[in-house]
Amino acid sequence: MDALDRVVKPKTKRAKRFLEKREPKLSENIKNAMLIKGGNANLTVTQVLRDVYALKKPYGVLYKKKNITRPFEDQTSLEFFSKKSDCSLFMFGSHNKKRPNNLVIGRMYDFHVLDMIELGIEKFVSLKDIKNSKCPEGTKPMLIFAGDDFDVTEDYRRLKSLLIDFFRGPTVSNIRLAGLDYVLHFTALNGKIYFRSYKLLLKKSGCRTPRIELEEMGPSLDLVLRRTHLASDDLYKLSMKMPKALKPKKKKNISHDTFGTTYGRIHMQKQDLSKLQTRKMKGLKKRPAERITEDQEKSKRVKKN
(Lines give C-alpha, C1' and ligand atoms only; values in the text may rest on other atoms or scores of the structure.)
Protein backbone atom coordinates (compact mmCIF):
# COMPACT_ATOMS: atom_id res chain seq x y z
CA MET A 1 0.00 0.00 0.00
CA ASP A 2 1.21 3.50 -0.84
CA ALA A 3 2.31 5.64 2.10
CA LEU A 4 -0.21 8.36 1.15
CA ASP A 5 -3.12 5.85 0.99
CA ARG A 6 -2.73 4.57 4.58
CA VAL A 7 -5.16 5.67 7.30
CA VAL A 8 -3.12 8.08 9.38
CA LYS A 9 -4.17 8.78 12.97
CA PRO A 10 -3.07 12.24 14.10
CA LYS A 11 -0.81 12.36 17.15
CA THR A 12 -1.01 16.12 17.71
CA LYS A 13 -3.74 18.76 17.43
CA ARG A 14 -1.85 20.45 14.60
CA ALA A 15 -1.82 17.21 12.60
CA LYS A 16 -5.53 16.74 13.31
CA ARG A 17 -6.33 20.23 11.96
CA PHE A 18 -4.20 19.51 8.87
CA LEU A 19 -6.10 16.28 8.11
CA GLU A 20 -9.48 17.96 8.71
CA LYS A 21 -8.63 20.56 6.06
CA ARG A 22 -8.14 17.77 3.52
CA GLU A 23 -11.35 15.92 4.34
CA PRO A 24 -14.25 16.03 1.82
CA LYS A 25 -16.54 19.01 2.42
CA LEU A 26 -19.86 20.25 1.06
CA SER A 27 -18.18 23.49 -0.01
CA GLU A 28 -14.70 22.48 -1.15
CA ASN A 29 -11.55 24.51 -0.61
CA ILE A 30 -10.16 26.80 -3.33
CA LYS A 31 -8.57 24.75 -6.10
CA ASN A 32 -4.78 24.97 -5.92
CA ALA A 33 -2.54 24.48 -8.95
CA MET A 34 0.87 22.83 -9.12
CA LEU A 35 3.36 23.94 -11.76
CA ILE A 36 5.85 21.20 -12.64
CA LYS A 37 9.00 21.47 -14.73
CA GLY A 38 9.89 18.52 -16.96
CA GLY A 39 13.28 16.83 -17.15
CA ASN A 40 14.32 18.78 -20.26
CA ALA A 41 12.52 22.11 -19.81
CA ASN A 42 14.26 25.08 -21.47
CA LEU A 43 14.42 28.72 -20.37
CA THR A 44 11.19 29.73 -22.19
CA VAL A 45 9.08 27.00 -20.57
CA THR A 46 10.60 27.73 -17.12
CA GLN A 47 9.76 31.44 -17.45
CA VAL A 48 6.18 30.65 -18.56
CA LEU A 49 5.68 28.51 -15.44
CA ARG A 50 7.08 31.31 -13.24
CA ASP A 51 4.76 33.90 -14.82
CA VAL A 52 1.68 31.69 -14.45
CA TYR A 53 2.69 31.06 -10.83
CA ALA A 54 2.86 34.86 -10.31
CA LEU A 55 -0.74 35.12 -11.55
CA LYS A 56 -1.90 32.15 -9.43
CA LYS A 57 -0.32 33.20 -6.11
CA PRO A 58 -1.15 32.31 -3.35
CA TYR A 59 -3.19 29.40 -4.76
CA GLY A 60 -0.30 27.65 -6.48
CA VAL A 61 2.77 25.46 -5.85
CA LEU A 62 5.85 25.84 -8.06
CA TYR A 63 8.19 22.83 -8.24
CA LYS A 64 11.67 24.18 -8.98
CA LYS A 65 13.41 20.85 -9.47
CA LYS A 66 13.12 18.97 -12.77
CA ASN A 67 10.83 15.92 -12.81
CA ILE A 68 11.34 13.29 -15.51
CA THR A 69 7.78 12.26 -16.41
CA ARG A 70 5.51 12.07 -19.46
CA PRO A 71 1.89 12.91 -18.53
CA PHE A 72 0.29 11.32 -21.63
CA GLU A 73 2.12 8.01 -21.07
CA ASP A 74 2.35 7.71 -17.28
CA GLN A 75 0.16 9.73 -14.90
CA THR A 76 1.17 8.12 -11.58
CA SER A 77 3.75 10.80 -10.73
CA LEU A 78 1.21 13.59 -11.34
CA GLU A 79 -1.31 11.83 -9.11
CA PHE A 80 1.36 11.40 -6.42
CA PHE A 81 2.23 15.13 -6.50
CA SER A 82 -1.48 15.99 -6.45
CA LYS A 83 -2.00 14.02 -3.22
CA LYS A 84 1.17 15.34 -1.66
CA SER A 85 0.46 19.03 -2.30
CA ASP A 86 -3.38 18.79 -2.23
CA CYS A 87 -3.71 20.31 -5.73
CA SER A 88 -6.49 19.54 -8.19
CA LEU A 89 -5.02 21.56 -11.09
CA PHE A 90 -1.64 21.20 -12.77
CA MET A 91 0.55 22.67 -15.49
CA PHE A 92 3.50 20.67 -16.80
CA GLY A 93 6.21 22.23 -18.98
CA SER A 94 8.69 20.37 -21.18
CA HIS A 95 10.80 20.81 -24.33
CA ASN A 96 12.10 18.34 -26.92
CA LYS A 97 12.79 18.12 -30.65
CA LYS A 98 9.41 16.57 -31.50
CA ARG A 99 7.33 18.93 -29.34
CA PRO A 100 9.27 22.15 -28.60
CA ASN A 101 8.09 24.57 -25.89
CA ASN A 102 5.38 22.23 -24.65
CA LEU A 103 2.75 22.93 -21.98
CA VAL A 104 0.28 20.39 -20.56
CA ILE A 105 -2.61 21.83 -18.58
CA GLY A 106 -5.02 19.56 -16.72
CA ARG A 107 -7.18 18.90 -13.68
CA MET A 108 -7.80 16.04 -11.23
CA TYR A 109 -10.90 14.32 -9.91
CA ASP A 110 -10.45 12.29 -6.72
CA PHE A 111 -6.65 12.55 -7.24
CA HIS A 112 -6.88 10.97 -10.72
CA VAL A 113 -6.35 12.81 -14.02
CA LEU A 114 -9.70 13.95 -15.44
CA ASP A 115 -8.80 16.24 -18.38
CA MET A 116 -5.47 16.99 -19.99
CA ILE A 117 -4.73 19.27 -22.98
CA GLU A 118 -1.33 19.82 -24.58
CA LEU A 119 -0.45 23.27 -25.93
CA GLY A 120 2.57 24.44 -27.91
CA ILE A 121 4.12 27.88 -27.26
CA GLU A 122 4.83 29.72 -30.53
CA LYS A 123 5.42 33.21 -29.13
CA PHE A 124 6.01 34.38 -25.57
CA VAL A 125 6.46 37.77 -23.89
CA SER A 126 7.27 37.64 -20.18
CA LEU A 127 5.99 39.74 -17.29
CA LYS A 128 9.47 41.22 -16.94
CA ASP A 129 9.65 42.33 -20.59
CA ILE A 130 6.56 44.58 -20.31
CA LYS A 131 7.55 47.50 -18.08
CA ASN A 132 4.15 48.40 -16.65
CA SER A 133 2.58 48.26 -13.19
CA LYS A 134 1.39 44.79 -12.14
CA CYS A 135 -1.66 43.68 -10.18
CA PRO A 136 -1.32 42.78 -6.48
CA GLU A 137 -0.99 39.16 -5.37
CA GLY A 138 -4.18 37.13 -4.89
CA THR A 139 -6.37 39.35 -7.09
CA LYS A 140 -9.33 37.64 -8.75
CA PRO A 141 -9.18 38.12 -12.55
CA MET A 142 -11.92 38.75 -15.09
CA LEU A 143 -11.96 36.15 -17.88
CA ILE A 144 -12.97 36.91 -21.48
CA PHE A 145 -13.24 34.28 -24.23
CA ALA A 146 -13.52 35.37 -27.87
CA GLY A 147 -13.96 33.11 -30.89
CA ASP A 148 -16.62 30.70 -32.17
CA ASP A 149 -14.35 27.67 -31.62
CA PHE A 150 -14.86 27.89 -27.84
CA ASP A 151 -18.58 27.16 -28.35
CA VAL A 152 -18.49 24.85 -31.40
CA THR A 153 -15.53 22.44 -31.15
CA GLU A 154 -15.55 19.89 -28.31
CA ASP A 155 -11.77 20.18 -27.66
CA TYR A 156 -11.94 23.98 -27.45
CA ARG A 157 -15.09 23.82 -25.32
CA ARG A 158 -13.32 21.57 -22.81
CA LEU A 159 -10.23 23.83 -22.97
CA LYS A 160 -12.41 26.83 -22.10
CA SER A 161 -13.82 24.97 -19.08
CA LEU A 162 -10.29 24.00 -18.04
CA LEU A 163 -8.95 27.57 -18.31
CA ILE A 164 -11.89 28.92 -16.28
CA ASP A 165 -11.18 26.31 -13.60
CA PHE A 166 -7.47 27.16 -13.62
CA PHE A 167 -7.66 30.97 -13.40
CA ARG A 168 -11.01 31.73 -11.72
CA GLY A 169 -9.66 32.01 -8.17
CA PRO A 170 -11.85 32.01 -5.05
CA THR A 171 -15.65 32.19 -5.20
CA VAL A 172 -16.92 35.51 -3.83
CA SER A 173 -20.43 36.71 -2.93
CA ASN A 174 -19.86 40.44 -3.58
CA ILE A 175 -17.65 42.35 -6.02
CA ARG A 176 -16.12 45.76 -5.38
CA LEU A 177 -15.45 47.94 -8.44
CA ALA A 178 -12.00 48.94 -7.19
CA GLY A 179 -11.14 45.24 -6.76
CA LEU A 180 -11.42 44.56 -10.52
CA ASP A 181 -7.73 44.92 -11.30
CA TYR A 182 -6.90 42.84 -14.36
CA VAL A 183 -8.35 40.91 -17.30
CA LEU A 184 -7.26 37.61 -18.88
CA HIS A 185 -8.29 37.51 -22.55
CA PHE A 186 -8.35 34.28 -24.59
CA THR A 187 -8.95 34.43 -28.36
CA ALA A 188 -9.39 31.36 -30.59
CA LEU A 189 -8.64 32.24 -34.21
CA ASN A 190 -7.33 30.22 -37.19
CA GLY A 191 -6.35 27.21 -35.06
CA LYS A 192 -4.42 29.27 -32.49
CA ILE A 193 -5.16 30.49 -28.96
CA TYR A 194 -3.98 34.01 -28.08
CA PHE A 195 -3.56 34.58 -24.34
CA ARG A 196 -3.23 38.22 -23.22
CA SER A 197 -3.42 39.86 -19.79
CA TYR A 198 -4.32 43.50 -19.21
CA LYS A 199 -4.35 45.76 -16.17
CA LEU A 200 -7.59 47.67 -15.67
CA LEU A 201 -7.28 51.45 -15.29
CA LEU A 202 -10.30 53.38 -13.96
CA LYS A 203 -10.27 56.96 -15.29
CA LYS A 204 -12.51 59.94 -14.55
CA SER A 205 -15.48 60.14 -16.89
CA GLY A 206 -17.52 63.05 -15.48
CA CYS A 207 -20.24 60.70 -14.21
CA ARG A 208 -20.63 57.99 -11.58
CA THR A 209 -19.40 55.14 -13.83
CA PRO A 210 -15.65 55.49 -14.52
CA ARG A 211 -14.06 55.24 -17.97
CA ILE A 212 -12.10 52.02 -18.41
CA GLU A 213 -8.75 51.68 -20.15
CA LEU A 214 -6.71 48.49 -20.64
CA GLU A 215 -2.92 48.40 -20.31
CA GLU A 216 -1.01 45.24 -21.24
CA MET A 217 0.98 43.89 -18.32
CA GLY A 218 1.99 40.38 -19.46
CA PRO A 219 2.48 37.52 -19.84
CA SER A 220 1.55 37.23 -23.52
CA LEU A 221 1.33 33.81 -25.23
CA ASP A 222 0.51 32.51 -28.71
CA LEU A 223 -0.51 28.87 -28.29
CA VAL A 224 -1.41 26.04 -30.63
CA LEU A 225 -3.49 22.98 -29.68
CA ARG A 226 -1.65 19.63 -29.79
CA ARG A 227 -2.77 16.42 -28.03
CA THR A 228 -5.83 15.99 -25.80
CA HIS A 229 -6.83 13.48 -23.11
CA LEU A 230 -10.50 14.14 -22.27
CA ALA A 231 -12.67 12.36 -19.73
CA SER A 232 -15.66 10.32 -20.90
CA ASP A 233 -19.10 11.97 -20.73
CA ASP A 234 -20.16 9.78 -17.76
CA LEU A 235 -17.04 10.56 -15.71
CA TYR A 236 -17.25 14.26 -16.62
CA LYS A 237 -20.90 14.32 -15.49
CA LEU A 238 -20.00 12.53 -12.25
CA SER A 239 -17.24 15.06 -11.49
CA MET A 240 -19.75 17.93 -11.81
CA LYS A 241 -22.37 16.31 -9.56
CA MET A 242 -23.61 18.60 -6.79
CA PRO A 243 -24.30 17.24 -3.28
CA LYS A 244 -27.97 17.04 -2.27
CA ALA A 245 -27.41 19.35 0.70
CA LEU A 246 -26.25 22.16 -1.62
CA LYS A 247 -29.08 21.80 -4.13
CA PRO A 248 -31.72 24.53 -3.71
CA LYS A 249 -35.08 23.21 -2.54
CA LYS A 250 -37.67 23.39 -5.28
CA LYS A 251 -40.62 25.64 -4.47
CA LYS A 252 -43.97 24.49 -5.82
CA ASN A 253 -45.81 26.53 -8.46
CA ILE A 254 -42.90 28.99 -8.90
CA SER A 255 -40.85 29.22 -12.11
CA HIS A 256 -38.19 31.54 -13.54
CA ASP A 257 -37.47 32.55 -17.12
CA THR A 258 -34.06 33.21 -18.73
CA PHE A 259 -34.12 36.85 -17.59
CA GLY A 260 -34.66 35.93 -13.91
CA THR A 261 -38.33 36.99 -13.76
CA THR A 262 -40.33 35.00 -11.19
CA TYR A 263 -43.70 33.55 -12.18
CA GLY A 264 -46.26 32.10 -9.74
CA ARG A 265 -49.12 29.69 -10.52
CA ILE A 266 -52.40 29.94 -8.59
CA HIS A 267 -54.84 26.99 -8.52
CA MET A 268 -58.54 27.93 -8.27
CA GLN A 269 -61.84 26.05 -8.36
CA LYS A 270 -63.80 25.91 -11.60
CA GLN A 271 -65.81 29.10 -11.96
CA ASP A 272 -69.54 29.03 -12.81
CA LEU A 273 -69.89 31.76 -15.41
CA SER A 274 -73.69 31.63 -15.32
CA LYS A 275 -73.64 33.15 -11.82
CA LEU A 276 -71.18 35.85 -12.80
CA GLN A 277 -72.48 39.34 -12.09
CA THR A 278 -72.24 41.43 -15.24
CA ARG A 279 -73.09 45.01 -15.97
CA LYS A 280 -76.86 45.50 -16.18
CA MET A 281 -78.07 46.95 -19.47
CA LYS A 282 -81.62 47.34 -20.73
CA GLY A 283 -80.67 45.78 -24.06
CA LEU A 284 -79.43 42.61 -22.34
CA LYS A 285 -82.52 42.06 -20.14
CA LYS A 286 -84.45 38.88 -20.85
CA ARG A 287 -87.97 39.19 -22.17
CA PRO A 288 -90.92 37.59 -20.28
CA ALA A 289 -91.34 34.94 -23.00
CA GLU A 290 -87.66 33.88 -22.69
CA ARG A 291 -88.00 33.58 -18.91
CA ILE A 292 -91.10 31.33 -19.27
CA THR A 293 -89.31 28.97 -21.71
CA GLU A 294 -86.26 28.74 -19.38
CA ASP A 295 -88.51 27.88 -16.40
CA GLN A 296 -90.29 25.20 -18.44
CA GLU A 297 -86.96 23.61 -19.50
CA LYS A 298 -85.78 23.52 -15.85
CA SER A 299 -89.01 21.88 -14.69
CA LYS A 300 -88.69 19.20 -17.43
CA ARG A 301 -85.14 18.37 -16.28
CA VAL A 302 -86.33 18.03 -12.67
CA LYS A 303 -89.17 15.63 -13.70
CA LYS A 304 -86.75 13.44 -15.68
CA ASN A 305 -84.40 13.15 -12.72
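Analyst: A cut-off to start with: a residue is buried under 20% relative accessible area, exposed over 50%, and partly exposed in between. The structure above is a predicted model.

User: Thanks! Why is lysine 192 called partly exposed?

Analyst: Lysine 192 has 29% relative accessibility. The partly exposed class runs between 20% and 50%, so lysine 192 belongs there.

User: What makes the pair of lysine 192 and glutamate 122 a salt bridge?

Analyst: Their closest N and O atoms are 2.9 Å apart. The rule asks for a side-chain nitrogen of Lys or Arg within 4 Å of a carboxyl oxygen of Asp or Glu, so this pair qualifies. The pair also links distant parts of the chain: lysine 192 is in strand E8 (residues 192-203) and glutamate 122 in strand E5 (residues 112-125), 70 residues apart. As for glutamate 122, its relative accessible area is 48%, so it is called partly exposed. More broadly, side chains of opposite charge can pair when their charged atoms come close.

User: How do you know that glutamate 154 and arginine 157 are separated by about one helical turn?

Analyst: They sit three residues apart in helix H5, and therefore about one helical turn lies between them. These two residues form a salt bridge as well, with 2.5 Å between the closest N and O atoms. That distance is within 4 Å, so the definition is met. Glutamate 154 has 36% relative accessibility and arginine 157 has 37%, so each one counts as partly exposed. Both belong to a network of salt bridges, whose other members are Lys31, Arg107, Asp115, Arg158 and Asp165. The whole structure contains 13 salt bridges.

User: Why does glutamine 47 count as buried?

Analyst: Glutamine 47 has 14% relative accessibility. Buried means under 20%, so the label follows. You will find glutamine 47 in helix H2 (residues 43-56). Neighbours within four places in sequence aside, glutamine 47 is in contact with Phe124, Ser126 and Lys128. In the protein chain, 29% of the 305 residues are buried.

User: And serine 255: why is that residue partly exposed?

Analyst: Serine 255 has a relative accessible area of 40%, and the class covers values between 20% and 50%, so partly exposed is the right name. Serine 255 lies in strand E11 (residues 254-256). Beyond its neighbours within four places in sequence, serine 255 is in contact with Thr261, Thr262 and Tyr263.

User: What makes Leu177, Leu202, Ile212 and Leu214 a nonpolar patch?

Analyst: A patch takes residues with over 30% relative accessible area and no salt bridge, and joins nonpolar side chains such as Leu and Ile within 5 Å. Leu177, Leu202, Ile212 and Leu214 form such a patch on the surface, with about 380 Å² of accessible area together. Leucine 177 is in the loop between helix H5 (154-167) and strand E7 (182-189).

User: How do you know how the protein chain compares with a compact globule of 305 residues?

Analyst: Set the two values side by side: the radius of gyration is 32 Å for the protein chain, whereas a compact globule of 305 residues would have one near 19 Å. The C-alpha atoms fill a box of roughly 105 × 60 × 45 Å along the principal axes. As for secondary structure, the chain has seven helices and twelve strands. An unreviewed UniProt entry lists residues 31-234 as "domain: Brix", and over residues 31-234 the chain is 22% helix and 41% strand.

Conventions
Residues numbered from 1 in each chain as written. Predicted model: local features only at pLDDT ≥ 70, side-chain atom pairs only at ≥ 80, totals over all residues. Heavy atoms only, no water. UniProt positions renumbered as here; feature names shortened; annotations may be inferred. Helix = DSSP H or I, 4+ residues; strand = E, 2+ residues; numbered from the N terminus. Patch = residues over 30% accessible without salt bridge, like charges linked within 9 Å, V, L, I, M, F, W, Y side chains within 5 Å. Areas by Shrake-Rupley, 256 points an atom, 1.4 Å probe, with all protein chains shown as cover. Rg over C-alpha atoms; globule rule 2.2 N^0.38 Å. Buried < 20%, exposed > 50% of the residue type's maximum accessible area, 1.4 Å probe, protein only. Contact = heavy atoms within 4.5 Å.
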